[in-house]
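Subject: A structure to look through

Dear colleague,

Below is the structure I promised to pass on to you, with the sequence beside it. Please open both before reading further, and then compare my notes with what you see on the screen.

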Amino acid sequence: MKFPTRFFRRFRRLQWKLTIFYTLSTVLVLSLLEIITALLLLGFVTANATGLLATQVGIAGQNIGSNFTGPLVNRATLSQALKEWRQGSGTEFQGFIAALDSSGHVLAAFGDHAPAENSDLLRAVSPGIQQQIREALAVTPATVTNLSTSTYEEKGTVSIVAPMVSEQKIRGVLLVIAQHVQFHSDNLWEYAPAFLFYGGGSLLIFFVGAGIIGLVFGVVTAHGLVRRLKRILASVDGWGRGDFSTLVLDTSNDELGQLALRLNHMAEQLRDLLHTRQSLAQLQERNRLARELHDSVKQQIFALSIWVRNTKGLIGHDEEAARQQINEAEQVIRQTQQELTALIRELRPVALSDKNLAQALQEYAHTWQKQTGISVTFEGSEAQLASPNIEEAFFRIAQEALTNVARHSQASAVTLRLAVGEVVTLSISDNGRGFDVRQANQQGVGLSSMRERIQALRGHIEIQSEEGQGTMITLQCEQQHEGNTLKSL
């Protein structure tokens, strides 16, 4: 079953779909044209029943002329021939057919109101028909063919005259007087087997030829179209990996060429946008570090300078007080070192260089607990692995959240819960004083940067907090492959 499945799977490709479409379209269109042509031919034959009857009369004139032996003819045989022709001519009409000799007398006749034998029909017909008969008797025998007939219509009555030739002499004429001429419908069934035989073979050859033409045209056209689409897909895949240097090379002016041009323009805009966002991210990071240095290290160094100045004044006057001031200065120095260490860790996520997210968060939480004195509980398996871009974003968000806890929450305990599967989930909760989420969204408090990081990964962040009820931040993001997703800034 593998071979049929593999074989039919090929027809799901665009190239084969287009090829089959072109082939069927070619066969269908050409078949319709042939059917229309046949219908038009049938309509022409039906509408031109008089012309068809004239041709039949011309053929009958030549055949009957061969029955003459010298100037004589077997009248019984001639009458039978006229009767058989009348019944099998393929047309229906009201009237008669008569064979006249060179003087205009009736040799034989058959049909409605047929004239009697030996009667002078030339005198009984109208002048127009008389003129037809005289012209038919005057033609050169060598020029007579199946089409050597003359047709004359007067007051709804059609007269058809054809010369009868025998031994290179005009022996007489064949005259048909007819009304209401129409194509015999039963004649279609008479010619149906021959039509099916020859027409069927023709149609078979036609279908095979049309199919081959459509197949070749479809393969050539679809191959070029699919090749151009593959170039577009290759460039788009590169853009998905963050490589905007690969542009779509298509210089044609059709719709695909216009699409390629617009995609190239979009890639250039995305590249500029990413560069702008990266610059903004760097600027925001510098501003954040400036705030950190201003709020912590700068204030501590200012306090240290005051104690140093006071100590200088106490030296030589109150040694015990000077010693106490120096001890206080040492504590400030240690706090400053801790603050600088924390900032350095935030500048470069060294914790993620040789550890997974669970290990890095557990180690960072342990260090943060020592610095702040706030109890931290971590729940999560160290064997769980997340995508690198998710690890970096979640680690940064956890840093920001713990920084907010230390600054604003007045909490005594924090819990971190990490679950890694098809969806990575991280929750950070504290027992602090909480806050109004709507007001915090308007003022910032670091929440905007958290949202930007998680939204860059198409993830979700939920912040639950009420005054006096603590705070819980929950992050969720589907696992991603770095090759298919742009790395978060």
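Which side chains along strand 9 point to one face and are buried, and which point to the other and are not? Please keep in mind while you look that this is a predicted model. The side chains of strand 9 alternate, with Ile461, Ile463 and Ser465 pointing to one face, where they are buried, while His460, Glu462 and Gln464 point to the other face and are not buried.

Strand 9 belongs to an open sheet of 5 strands, which follow the order 6-7-8-10-9 with mixed pairing. Strand 6 (375-379) and strand 9 (460-465) each have a single partner strand and stand at the edges, so one side of each is left without a neighbour in the sheet. From one strand to the next, the twist averages 10 degrees. As general background, the strands of a sheet pair through backbone hydrogen bonds, and they do this in either a parallel or an antiparallel way.

Strand 9 and strand 10 run antiparallel and are joined by 6 bridges, and within this part of the sheet glutamine 464 stands opposite methionine 472 in strand 10. The hairpin of these two strands has 5 residues between the strands, and glycine 468 takes a positive phi near 85 degrees there. Strand 10 (residues 471-478) also pairs with strand 8 (residues 423-430), in the antiparallel sense and over 8 bridges, and leucine 426 stands opposite leucine 475 in strand 10.

Two helices are worth finding next. Helix 11 (residues 388-409) packs on the sheet, where it touches strand 7 (413-419), strand 8 and strand 10, and its direction makes about 10 degrees with that of strand 8. Helix 13 (residues 447-456) lies across strand 9 and strand 10, and runs at about 150 degrees to strand 9.

In the loop between helix 13 and strand 9 you will find arginine 458, which has a positive phi of about 60 degrees although it is not a glycine. With a relative accessibility of 80%, arginine 458 counts as exposed, because the cut-off for that word is over 50%. Lysine 155, in the loop between strand 3 (150-154) and strand 4 (157-166), is another residue other than glycine with a positive phi, in this case near 55 degrees, and lysine 155 is exposed, with a relative accessible area of 82%.

Is glutamine 132 buried or exposed? This residue, placed in helix 6 (residues 127-137), has 5% relative accessibility and therefore counts as buried, the limit being under 20%. Leaving aside residues up to four places away in sequence, glutamine 132 touches Ser150, Thr151, Tyr152, Ser159, Ile160 and Val161.

Strand 1 (residues 91-101) is mostly covered, with 9 of its 11 residues buried. Strand 1 pairs with strand 2 (residues 106-111) in the antiparallel sense over 5 bridges, and alanine 99 stands opposite alanine 108 in strand 2. Their hairpin has 4 residues between the strands, and in it glycine 104 takes a positive phi near 95 degrees.

Finally, please look at the surface, where Leu28, Leu32, Ile35, Ile36, Leu39 and Leu40 make a nonpolar patch of about 610 Å². Isoleucine 35, one of these residues, has its place in helix 2 (residues 14-47).

With best wishes

Definitions and conventions
Residues are numbered from 1 along each chain as its sequence is written. This is a predicted model: local features need pLDDT of at least 70, side-chain atom pairs count only at pLDDT 80 or more; totals for chains, interfaces and linings use all residues. Side-chain values use heavy atoms; hydrogens and water are left out. Patches are made of residues with over 30% relative accessible area and no salt bridge: like charges are joined within 9 Å, nonpolar side chains (Val, Leu, Ile, Met, Phe, Trp, Tyr) within 5 Å. Accessible areas come from the Shrake-Rupley method with a 1.4 Å probe; for residues, only the protein chains shown count as cover. A salt bridge is a side-chain nitrogen of Lys or Arg within 4 Å of a carboxyl oxygen of Asp or Glu. Two strands pair if DSSP finds at least two bridges between them. Axes are lines fitted to C-alpha atoms, for helices over the stretch in contact, and angles run from 0 to 180 degrees between N-to-C directions. Contact means heavy atoms within 4.5 Å. Buried means under 20% relative accessible area, exposed over 50%, partly exposed in between (1.4 Å probe, protein chains only).
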